[in-house]
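Here is a short tour for anyone opening this structure for the first time. Take a look at the picture, then read on.

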Amino acid sequence: MTEYTHPNYRKIYVTLLFLLAVSVAGPFLGIKWVTLITAFGIAVVKANMVIQNFMHLKWEKRIAKYVLAVSLLLMALFWGGVAPDVMKHAGLRWTNDAAMAATARGIGPAHAESSTESHDPAVTTEHDAVPAEAAGEEAPSVP
Amino acid sequence: MSKPLATTRSATGIPTGRLAVWWVLASEVVIFGGLLASYLMHRVGHPEWADAAAATNTWIGAFNTFVLLTSSFTAVLAHKAAEHGDGKRAARLLMYTIGGAATFIGVKSFEWATEISHGYTITSNGFWSFYYTAAGLHALHVIAGAIIMGFVARDAARNRELHRVELIGIYWHFVDVVWIFLFPLLYIAK
């Protein structure tokens, strides 16, 4: 670690609490993009403040930063490879019928109660109406 | 007692213990990153999950965020005290951090018990599966960190192995960072 003097931790802590208050208050405005910024934008700012100042990454040798950067890169690789197929339910030559059925079915206000229902095979529920081949939630069907 | 060579050498310029913690955290980034990325991509693909997310309690999540931020603050003050050779103060501050961990777990237990009693369980649907898996894995890290911190604090109180105060602190701040992302993902995005 390069030479450093401890920053003013109290000031950083108070700033973090202020940012927490903003992230809680954001959704009360009811504007979607404001909520996204106050929730996720502020989360990134808060995390960066903790990592740089509390974990002292700011003063750490480069190799530690490279180690962390590689794991973030692996995450990005995972995202790039998987996310397009999960976030969309249909593509040029495939459809994910189960995911589409789940989205169409919705959760519904009584979803909690339905989870405690008996799963007696003789009882037909809305869940059972989903085609058997669609039971494997994320198994896409290729025509 | 002499120390093993691996404990005292510093091939990279970073003390071995601290380098080991960075390696641990690199693997944790992949573990939590993979889990949270999976949640995020499913959440985008399933807008209906918003109805399930509406049942989480933002105030409880916010309170636990406050608790973890405060425990990180006391952990970094413990590191500062340890660097000044004040083991007793470092130990006391670490005990405050452990108190934060206990509060966090206590609140989480209450929260989960309430949700389960309302029928929201890990098998209810995709949202709740991710909710219990991600928050549960995080809670296990909180518990493990608090236990290790207890051992570090015991030694620090006797002015022994003070460098470990920084090491457990780095881990603890990472646990805090994970929660900083879990909070908006599970409690705010509704």
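Is B:Asp155 buried or exposed? B:Asp155 counts as buried, because its relative accessibility is 13%, and the cut-off for buried is under 20%. One thing to keep in mind as we go: this is a predicted model.

## Two helical chains

Let's start with the overall build. Chain A has 5 helices and 0 strands, so its pattern from the N terminus on is simply α-α-α-α-α. Chain B has 7 helices and, again, 0 strands; read along the sequence, the pattern is α-α-α-α-α-α-α.

How much of each chain is tucked away? In chain A, 31% of the 143 residues count as buried. For chain B, buried residues make up 58% of its 190 residues. Contacts within the chains often join residues far along the sequence from one another: looking at contacts with a separation of 6 or more in chain B, 76% involve residues 24 or more positions apart. In chain A, 62% of the contacts between residues at least 6 apart in sequence join residues at least 24 apart.

## Where the chains meet

Now for the interface. On one side 54 residues of chain A take part, touching 57 residues of chain B. Together the two chains bury about 4,700 Å², and 79% of that is on carbon and sulfur atoms. On the side of chain A, the residues that lose the most area to chain B are A:Tyr13, A:Met55 and A:Ile107, which together provide 13% of what that side buries.

Polar links are there too: 8 residue pairs are in polar contact across the interface of chain A and chain B, counting pairs with both residues at pLDDT 80 or more. Which elements of chain A give two or more residues to the side that touches chain B? They are helix 1 (9-25), helix 2 (32-54), helix 3 (62-87), helix 4 (97-105) and helix 5 (111-114). Helix 3 of chain A supplies the largest share of that side, with 14 residues. Sorted by type, the residues on this side of chain A are 37 nonpolar, 11 polar and 6 charged.

## Salt bridges, across and within

How many salt bridges does the structure hold over all chains? The total is 5. Between chain A and chain B the count is 1, and the partners there are A:Glu60 and B:Arg18, with their closest N and O atoms 2.8 Å apart. A:Glu60 sits in the loop between helix 2 and helix 3 of chain A, while B:Arg18 belongs to helix 2 (residues 16-45) of chain B. Both A:Glu60 and B:Arg18 are buried. There's a third member to meet here as well: A:Glu60, B:Arg18 and B:Glu166 are linked in a network of salt bridges.

Back to B:Asp155, the residue we opened with. Its side chain meets that of B:Arg164 in a salt bridge, at 3.7 Å from N to O. B:Arg164 also pairs with B:Glu161, this time at 3.9 Å. Unlike the buried B:Asp155, B:Arg164 counts as partly exposed because its relative accessibility is 35%.

## A loop with two positive phi values

B:Glu161 is worth a second look. B:Glu161 lies in the loop between helix 6 and helix 7 of chain B, and is partly exposed, with a relative accessible area of 25%. Its phi is near 50 degrees, a positive value in a residue other than glycine.

B:Asn159 belongs to the loop between helix 6 (126-157) and helix 7 of chain B. B:Asn159 has a positive phi of about 60 degrees, although it is not a glycine. Why point these out? Most residues other than glycine have a negative phi. B:Asn159 counts as partly exposed, because its relative accessibility is 45%.

## A buried acid without a partner

One last stop: B:Asp176, in helix 7 (residues 163-188) of chain B. What is the nearest side chain of opposite charge to B:Asp176, and how many Å away is it? That side chain is A:Lys46, 7.7 Å away. A salt bridge needs the atoms within 4 Å, and B:Asp176 is buried yet has none.

So what does B:Asp176 touch? Leaving out residues up to four places away in sequence, B:Asp176 touches A:Val50, B:Leu68, B:Leu69 and B:Ser72.

Terms used:
Residues numbered from 1 in each chain as written. Chains lettered and ligands numbered in written order. Predicted model: local features only at pLDDT ≥ 70, side-chain atom pairs only at ≥ 80, totals over all residues. Heavy atoms only, no water. Helix = DSSP H or I, 4+ residues; strand = E, 2+ residues; numbered from the N terminus. Buried < 20%, exposed > 50% of the residue type's maximum accessible area, 1.4 Å probe, protein only. Lys, Arg positive; Asp, Glu negative; His and termini not counted. Contact = heavy atoms within 4.5 Å. Buried area = accessible area lost by both parts, 1.4 Å probe. Polar contact = N/O pair within 3.5 Å; in protein donor to acceptor, adjacent residues only side chain to side chain. Nonpolar A, V, L, I, M, F, W, Y, C, P; charged D, E, K, R; others polar.
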